[in-house]
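Please look over the ligand surroundings and the charged pairs in the structure shown here.

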Amino acid sequence: MNENNLFPASFLWGGSIAAHQCEGAYNQDDKGLSQMDLMTAGSYESRREITTEIQPAKIYPSHTGIDHYHRYNEDIDLFHQMGFKALRISIDWSRIFPNGDDEKPNQKGLEHYHKVIDALIKAGIVPIITLFHFELPLGILKKYGTWNNREVVDLFVRYADLLIKEYKGKVKYWVTFNEFNRLEEGGGYQDVTAYMLTGKKVSDFENPKQDLAQVSWHFALATALVKKHAKQIDPNNKVGAVFGVTPVYPLSSKPEDVLLAYQKTSEALYLLDLMSKGKIPAYKQVEFEKAGIQIQKQDGDDRLIQDNPIDFVGVNYYSSEVASSDPQQGDVSVFGNLPNPCLKQSDWGWAIDPVGLRYALNLVYEKTGLPVIVTENGLGAVDVRDENGDVRDDYRIDYLAAHLSEIKKAILIDGVDCFGYLMWGPIDLVSATTGEMKKRYGFIYVDKQDDGSGDYSRHPKKSFAWFKQVIQTQGETL
Ligand code: BGP
């Protein structure tokens, strides 16, 4: 441990948000529809519905979000008050190219993000831009299908190039895709994940295994192309990708359980191997061969990916899972069916495991040797305002303090090059998996309820002052 036990002075403290979960204004300033605009509100008990068109009787949380589109100045000011050094936002593709393939970009969309980025820079907050956080223009889906069609890669790269040129000198950190590595995972949320990433449910694909593997390949290819172009546009640019990292533990010390847990952890990260080392790992190639999966490639694709590895790895970490080789125990799935007897769970059934974050950071750093940034981590909880309107979210403070303390160990004891912590979502926003407002993450309470009531006013919670102090003291007390 270093002498003063502090996080590095250059550490990027901040938060992450995504356009479809916070902006609202779904049909303003010539925005086109994205697939998320057709996803209704759901809950822990009932899944979000996907409709083919907007049905007036249903609630679509992306349509109003938390009205960040109009209130970004107020929100950025609150982040600034906390001392944020960075904010990861996503740009909504359907604001820039309303149909995805329009001849000219929508100037109003470009202008909006200029204003947001300028406000961040003015507040001393480094903008980190995600190019695709589940916002896929519906026009693309209708005309081209989805990411297994290579033309969609070309459209994405055209959109990315435009943004990287447009915001040159203002934005240095670019993330191509958010949690795209979860696409091929099984489990109860697979359709939700597939829809968020591709606009289609798994069963909508003709040949799901083949098509999803092709989509994944195209995510890697698109990232390599964006990296190549970004460096040509400005050598200072850094291009990364954000992975959902969920360590899988063996339920027992039985070697079969240990092996299975290792395999489950690794296979969810095969794209990380590809995008950092330029090669699909051997076990995955064997799996593809056995399943008759043949990735369609063009000449030079392999080379392109090898020559253009990502510059940094974003890690979204919420939970660990458990695997057992005993079929009686069931199988592991996203955020697990199998409870870990050593861990408590959140109200939404996600195991709370701070040590797992240290494990995840070590795993990713050892695999790639690349700088790592925690791009998401947080606790979704039911927050209740007291008679004064305050939220005393000590449970959130405990959760974040425990996770930050493990990051500190990863940096100061394990030597992991972790350059930032972006808490999800620093202001309450719509939950991606359930579409609820009730599942709140923020340091800032937003008065919007699932039934549509509320005036959208913002109120710092107890954790707001706590995080401010953590940043001020460079995490000394953690
Ligand atoms: C991640 C997504 C985010 C965010 C987060 C929390 O996978 O990148 O968009 O939503 O999960 O999930 P939820 O909102 O469902 O609680």
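The questions below deal with the ligand and then with salt bridges.

This is a predicted model, in which local features need pLDDT of at least 70, side-chain atom pairs count only at pLDDT 80 or more, and totals for chains, interfaces and linings use all residues. Residues are numbered from 1 along each chain as its sequence is written, and side-chain values use heavy atoms, with hydrogens and water left out.

Q: How far from an oxygen atom of the ligand does a backbone N or O atom of Ala432 lie?
A: Polar side-chain atoms also approach ligand oxygens, that of Glu179 at 2.8 Å and that of Glu376 at 2.9 Å. For the backbone N or O atom of Ala432, the separation from a ligand oxygen is 2.7 Å.

Q: How much of the area that the ligand exposes when taken alone does the protein bury?
A: Accessible areas come from the Shrake-Rupley method with a 1.4 Å probe. Taken alone, the ligand exposes 380 Å², and the share of this buried by the protein is 94%.

Q: With which residue does Asp37 form a salt bridge?
A: Side chains of opposite charge can pair when their charged atoms come close. A salt bridge here is a side-chain nitrogen of Lys or Arg within 4 Å of a carboxyl oxygen of Asp or Glu. Asp37 and its partner are both buried (under 20% relative accessible area, with a 1.4 Å probe and protein chains only). With closest N and O atoms 2.7 Å apart, the partner of Asp37 is Lys31.

Key
Polar contact = N/O pair within 3.5 Å; in protein donor to acceptor, adjacent residues only side chain to side chain. Buried < 20%, exposed > 50% of the residue type's maximum accessible area, 1.4 Å probe, protein only.
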